[in-house]
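Grab your molecular viewer and a coffee. Here are a few exercises to work through with the structure open.

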Amino acid sequence: MVVEGAGPSCGLIDGFGRHVTYLRLSVTDRCDLRCVYCMSEDMSFRSRRDILTLEELTRLARLFIARGIDKLRITGGEPLVRPGILDLFAALSEPIADGSLRELTLTTNGTQLARFAEDLARAGVRRINVSLDTLDPERFRALTRGGSLARVMDGIAAARAAGLTVKLNVVALKDGTEHEIHDLIAFAHAREMALSLIETMPLGDVGVDRVDQYLPLDSLRRQIAGRWTLHDVPMRSGGPARYARVAETGGLIEFITPHTHNFCADCNRVRVTASGTLHTCLGQDDATDLKAHLRTSATDDVIVRLIDQALGRKPKGHDFILRRGASPQLARHMSETGG
Ligand code: SAM
Ligand code: SF4
């Protein structure tokens with residue numbers, strides 16, 4: 001279905017009238033960690049020739065920006081392990097400087113941040129999300145299958161020193177997050193970092209039953225409210241998040257609840273994988289191959305038309321279901337789609 005009235009002048013509008021202004025662009029499916037909710041122990045990755053070049057990524061990003069995307073999140077896999085990644089940020093600093101892109105940001109596991117934080121700030125990045133599920137080095141090593149918490153802590157410190165606003169992403173995990181949640185809030189808010197709590201989603205086979213990992217945020221929120229005073233904040237980000245301020249710290253907690261509450265009606269985002277597939281919904285199988293067209297002599301107009309047509313097919317919403325013993329709802333891992 002192509003949306004009537006939609007065209008370059010009115011930005012990207014899907015078949016349900018939702019304005020899409022936010023692109024998450026994955027630059028690699030590879031990563032230096034193997035988080036237990038994201039990847040299986042022995043992942044196979046795409047061949048290098050399947051992955052968009054930095055030039056192709058830049059062209060695609062510019063086309064989306066020309067079509068009305070004003071927030072761009074670089075993600076992965078781990079975006080900072082992509083060779084030459086700073087060249088992409090440098091190219092994208094232009095639309096930031098001329099105002100056609102309102103926000104350029106990234107989600108990272110933090111392992112490479114000590115190296116990159118200053119350059120990212122110079123490219124016009126102002127805010128980043130760093131994934132940090134635990135403050136315990138042993139648990140961090142177990143959850144990431146071998147990662148170093150100290151390294152991520154150094155990365156967070158470097159990001160803050162470079163003037164970046166950091167938000168911590170915490171995937172809520174049964175038999176773990178409950179024991180640390182108060183410490184995570186105190187840690188984040190003492191450093192003026194917001195905390196984003198995320199329900200685990202059934203994307204890809206990770207070698208364990210998702211039911212054993214899943215911790216509903218309704219119950220975690222009740223636990224938090226037993227210790228801290230939470231005031232709802234009517235902030236909206238056009239995504240699945242709801243916000244509360246902690247009276248004692250003044251800091252924010254974001255609750256991302258694809259299972260306990262589904263906020264697809266407000267969805268303002270699409271995703272492009274590192275191999276150039278456009279997914280208009282994180283939780284559905286819809287897919288449009290843009291790479292094939294980027295690699296033929298397709299003009300910008302042809303690619304923009306494909307994007308518009310894909311937007312017209314954007315599903316109404318996801319319907320994640322967690323059932324013991326069920327195979328993953330979607331075969332693709334979060335590291336493939338880009339978080
Ligand atoms: N490597 C970077 C990182 O970890 O921040 C960026 C990519 S990662 C796929 C993006 C976000 O997705 C991270 O915050 C991660 O915790 C989250 N994530 C990964 N798998 C998930 C899952 N199955 N359910 C919910 N969140 C997940
Ligand atoms: Fe890597 Fe991020 Fe997935 Fe962890 S969540 S395995 S850091 S891509």
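The exercises below look at a helix and a sheet in this predicted model.

**Exercise 1.** Work out which residues of helix 3 are buried and how they are arranged around the helix axis.

*Solution.* Start with the list: in helix 3, which spans residues 113-122, the buried ones are L113, F116, A117, L120 and A121. Now look down the axis of helix 3: these buried residues fall within an arc of 135°, so they line one face of the helix. That fits the general rule: an α-helix has 3.6 residues a turn, so residues three or four places apart point the same way. Next, check the other side of helix 3, where you'll find R115, E118 and R122 exposed.

**Exercise 2.** Find what the buried residues of helix 3 pack against, then check what follows the helix.

*Solution.* Two helices come up: helix 2 (85-97) and helix 5 (149-161). Strand 5 (103-108) and strand 6 (127-131) are packing partners too. Take a closer look at helix 5: it lies across strand 6 and strand 7 (165-172), and runs at about 170° to strand 6. Past helix 3 comes G124, with a positive phi near 105°.

**Exercise 3.** Trace the sheet from edge to edge, then zoom in on how strand 3 joins strand 12.

*Solution.* Follow the order 9-10-11-8-7-6-5-4-3-12-13-14: that's 12 strands in an open sheet with mixed pairing. Strand 9 (230-233) and strand 14 (288-289) are the edges, each pairing on one side only. Now zoom in: strand 3 (residues 22-26) and strand 12 (residues 269-272) run parallel, joined by 4 bridges. For R24, the bridge partner in strand 12 is R271.

Key
Residues numbered from 1 in each chain as written. Chains lettered and ligands numbered in written order. Predicted model: local features only at pLDDT ≥ 70, side-chain atom pairs only at ≥ 80, totals over all residues. Heavy atoms only, no water. Buried < 20%, exposed > 50% of the residue type's maximum accessible area, 1.4 Å probe, protein only. Arc of directions from axis to C-beta. Contact = heavy atoms within 4.5 Å. Pairing = 2+ DSSP bridges. Axes fitted to C-alpha atoms, helices over the stretch in contact; angles between N-to-C directions.
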